[in-house]
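Got your viewer open and ready? Let's take a walk through this protein together, one selection at a time.

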Amino acid sequence: MRDGTTLTGNQALELFQRQLDSRLLDIAARWLREKDEGYYTIGSAGHEGNAAVAAALRTTDPALLHYRSGAFYLTRSAMAGRLPEQGIRDVLMGLTAAAEEPIAGGRHKVFGHPDLAVIPQTSTIASHLPRSVGVAFAIERARALGIGDAWPDDAIAVCSFGDASINHATALSGLNTAAYATYQGQSVPILFVCEDNGIGISVRTPKGWVAAAARRPGIEYFAADGCDLAETYDAAARAVHHVRTERAPAFLHLSTVRLMGHAGSDVEVAYRTQRELRADLERDPLLRTAALLVESGLVTPDDLLKTYESSREHVLRMALETTRSPRLSSAQEIVETLAPRSDKVIATISPVAAAPAVRDKAFAGSLPEDEKPLTLSAAINRTLADALAVYPGMMVFGEDVARKGGVYGVTRGLQKRFGANRVFDTLLDEQAILGLALGSGVSGLLPVPEIQYLAYLHNALDQIRGEAATLQFFSRGAFQNPMVLRVAGYAYQKGFGGHFHNDNAVGALRDIPGLVIASPSRPDDAAAMLRTCLAAARTQGSVCVFLEPIALYHTRDLFDEGDGGWTAPYVPPSRWPETHVPIGRARSYGDGRDLTIVTFGNGLRMSLRAAVRLTQEGYSCRVLDLRWLAPLPVDDLVRAAELTGKVLIADETRHTGGVSEGIVAELLDAGFTGEIARVTSADSFIPLGGAAEHVLLSEEEIEQAARKLLS
């Protein structure tokens, strides 16, 4: 081999075969597309140097790969002791959307396999970088907590992405989070691999930009010609050694080329010159590795040609065989991996409590069930403490949640009792917060992140939609990212804070398939529903959003000052089934036969107050608190509607895109023939001060609509 390289001749021969197989898979993808048997043509041609990156890593290092990682995947598959044909078949089954494909089962073409520590990514940009940093964080945090066996203690995380993606907000978030943590002395063992081919579809990346953008405090920079196998291997080995020994991040910048266009439909001559295309062909990594082998005397040109022809025939024959594999054939089959849940298992785990001595220590001898009735905020606080006592891998984190105890005091005292490894503050970046949760969840921990206000969630929502909610779906449950995301939300703060602190938009959450959305109003429901969400996350991998109405955090009274009607005694988790609220079950108040008021969140308190006044006028009302916004409690909803034949929906979210639209649709789909009316907040952002009252749902509007429906 070449002087000065640590790559051996046998390694070079092996990696050349993986590079060749990857190139042939790209050719097979185009061939399958021509026959209308393949459905994905974004290939790895020109990026086959990433085989050397895989070779420098261990098969137990968690890898989150971008879509040009064919050679990396085939190399890791072979390093794990699998036959070369197995890795090739994995990719071909993904290209043909075969139901037997081992990771996504025909739902998407991804690189992933649980036995190879390759976590599947569907992102075409860089939305996996926050999660990748979260995985690196979790490796170290699990070791500090003395729990978890998802990854070895000395594992490192690796994530790859293209040069265009480095400009994406999620990439900036991931890189910044790694640098921020390292700057504070925290261990973040992650290798960022940027495969820089100089162009994103048709938009050129300025020369020198990646090198300039990659240099950040605490992140060691390495660079290599990604078309040179030996140089790439040596640089990757140095970078991996740095990350593994220093437990600190590194950025490996590989200069590559893009061959065969962005995808099969891409006509490069429309935006690239012939000179540019020829220059890329001259750097073809496959040809350069072949030249390295010949120059080293390891093979002859004739040997290589024979290898190419036999491999080509082999891969195309396998591609043809793959077209005969069955494909997904029903909606039921497709969605079965989306968010599977066993209500029985959740009900069994939900009431689990720590041993009496552990609970007594956690609460410093003053158990919450011995306290006076609690507010919503206090009930959530005590429930979190109970859960931290029973789940050693549970972590509560977010902006201001630790020493301050949250803006509204919901997490007050938890860090002091359970330590800074389990209750901690994060940087002010919602994408980073969710990325830490995603990486921790897939690494076997139980993350409970907090987003300070509902409006702050929107700039990071794809971390829920595109990352959290899709992982089980696109891995057939082989990977999970359990999470209970606490979000302080809704309005009614007497005009304080304006729209960023009074957001009432949940439509973007409700349309995410498989997502569980809890919306408790009362302290007793909040405690029980939080336990349910934690149990669902812990046992089923569920992704749950727990919406907490800010205006009710410290509310004590329901009707009159001092009545204590909005407080409730704390019921310890061991008192089952009293403490369990199943996902998708509503709660009914009253037994009226004239009108059913359907509501949730702040609407419950307003509706109960309105219902009492209506009762005093001679009307018989019942109030149904949905409690769950996804999945909606359809059976309870229809039952309550049929009991009165008249339904008024009191919805504090917006008129357009609000929860009431879904409620009406469910009632009609169920064949309800009674009368339906709805009152909502206006299609508006929430203004400052008293003006907020003009756009928010009010008790008076609920009463007026009820009287109109009853008249």
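Before we start clicking, one term: two residues are in contact, or touch, when they have heavy atoms within 4.5 Å of each other. Keep in mind as well that this is a predicted model.

**Stop 1: the whole chain**

Show everything as a cartoon. The protein chain has 25 helices and 19 strands. Its radius of gyration is 28 Å, close to the 27 Å that the globule rule gives for 711 residues, so the chain is as compact as a globular protein of that length. Turn it around and picture a box: the C-alpha atoms fill one of roughly 95 × 55 × 45 Å, taken along the principal axes.

How much of the chain is buried? Buried residues make up 61% of the 711 residues. And if you take contacts between residues at least 6 apart in sequence, 79% of them join residues at least 24 apart.

**Stop 2: into the core**

In soluble globular proteins, nonpolar side chains tend to be buried together. To see that here, select Ile380, Met394, Val484, Leu534, Phe546 and Ile702: these have the most contacts inside the largest nonpolar core, which has 66 residues. Now colour helix α21, residues 523–540; nine residues of this core come from that helix, the largest share.

Zoom in on Val484 and show its surroundings. Leaving out residues up to four places away in sequence, what does Val484 touch? You should find Pro447, Val448 and Pro449, then Leu530, Cys533, Leu534 and Ala537, and finally Cys544 and Phe546.

Apart from this core lies another one, of 61 residues; to find it, select Leu65, Leu116, Ala224 and Leu286, which are among its members.

**Stop 3: a five-stranded sheet**

Strands of a sheet pair through backbone hydrogen bonds, either parallel or antiparallel. Pick out β1, β2, β3, β7 and β6, in that order: they make an open sheet of five strands with parallel pairing. Which strands stand at the edges? They are β1 (63–64) and β6 (220–225); each has a single partner strand, so one side of each is left without a neighbour in the sheet.

Next, isolate β3 (residues 190–196) and β7 (residues 250–255). These two run parallel and are joined by six bridges. For one bridge pair, click Asp196 and look across to Ser255, its partner in β7.

**Stop 4: ring spotting**

Show the aromatic side chains. The structure holds 10 aromatic pairs. One of them is Phe137 with Phe424, a tilted pair with 5.7 Å centre to centre and 50° between the planes. Phe137 belongs to helix α5 (residues 129–145) and Phe424 to strand β9 (residues 423–425), so this pair ties together parts that are 287 residues apart in sequence. Are these rings buried or exposed? Phe137 is buried at 9% relative accessibility, and Phe424 is buried too, with a relative accessible area of 10%.

Then jump to Tyr453 and Tyr456. This pair is edge-to-face, 5.3 Å centre to centre, with 75° between the planes. Tyr453 counts as buried at 5% relative accessibility, while Tyr456 is partly exposed at 21%. Add Tyr408 and Tyr553 to your selection, and you have one aromatic cluster made of these four tyrosines.

Some rings here have a charge sitting over them. Go back to Phe424 and show Arg141, which lies over the face of that ring at 5.0 Å from its centre. Another example is Arg107, whose charged end sits over the ring of Phe473, 5.7 Å from the centre.

**Stop 5: two last residues**

Select Pro351, in the loop between α13 (343–349) and α14 (356–362). Pro351 is buried, with a relative accessible area of 11%. Setting aside neighbours within four places in sequence, Pro351 is in contact with Pro573, Ser574, Trp576 and Thr579. If your viewer has a distance tool, try Pro351 to Phe500: they are 149 residues apart along the chain, and their C-alpha atoms are separated by 36 Å.

Finish at Val664, in helix α24 (residues 659–669). Val664 counts as partly exposed, at 22% relative accessibility. Beyond residues up to four places away in sequence, Val664 touches Ile649 and Ile676. Try the distance tool again, this time to Gly689: Val664 and Gly689 are 25 residues apart along the chain, with 32 Å between their C-alpha atoms.

Key:
Residues are numbered from 1 along each chain as its sequence is written. This is a predicted model: local features need pLDDT of at least 70, side-chain atom pairs count only at pLDDT 80 or more; totals for chains, interfaces and linings use all residues. Side-chain values use heavy atoms; hydrogens and water are left out. A nonpolar core is a set of buried Ala, Val, Leu, Ile, Met, Phe, Trp, Tyr and Cys residues joined through side-chain atoms within 4.5 Å. Buried means under 20% relative accessible area, exposed over 50%, partly exposed in between (1.4 Å probe, protein chains only). Helices (H or I, at least four residues) and strands (E, at least two) are DSSP runs, numbered from the N terminus. Two strands pair if DSSP finds at least two bridges between them. Rings of Phe, Tyr and Trp (its six-membered ring) pair if their centres lie within 6.5 Å; planes under 30 degrees apart count as stacked, over 60 as edge-to-face and the rest as tilted. A charge sits over a ring if NZ of Lys or CZ of Arg is within 6 Å of the ring centre and within 35 degrees of the ring normal. The radius of gyration is taken over C-alpha atoms; the globule rule is 2.2 Å times the number of residues to the power 0.38.
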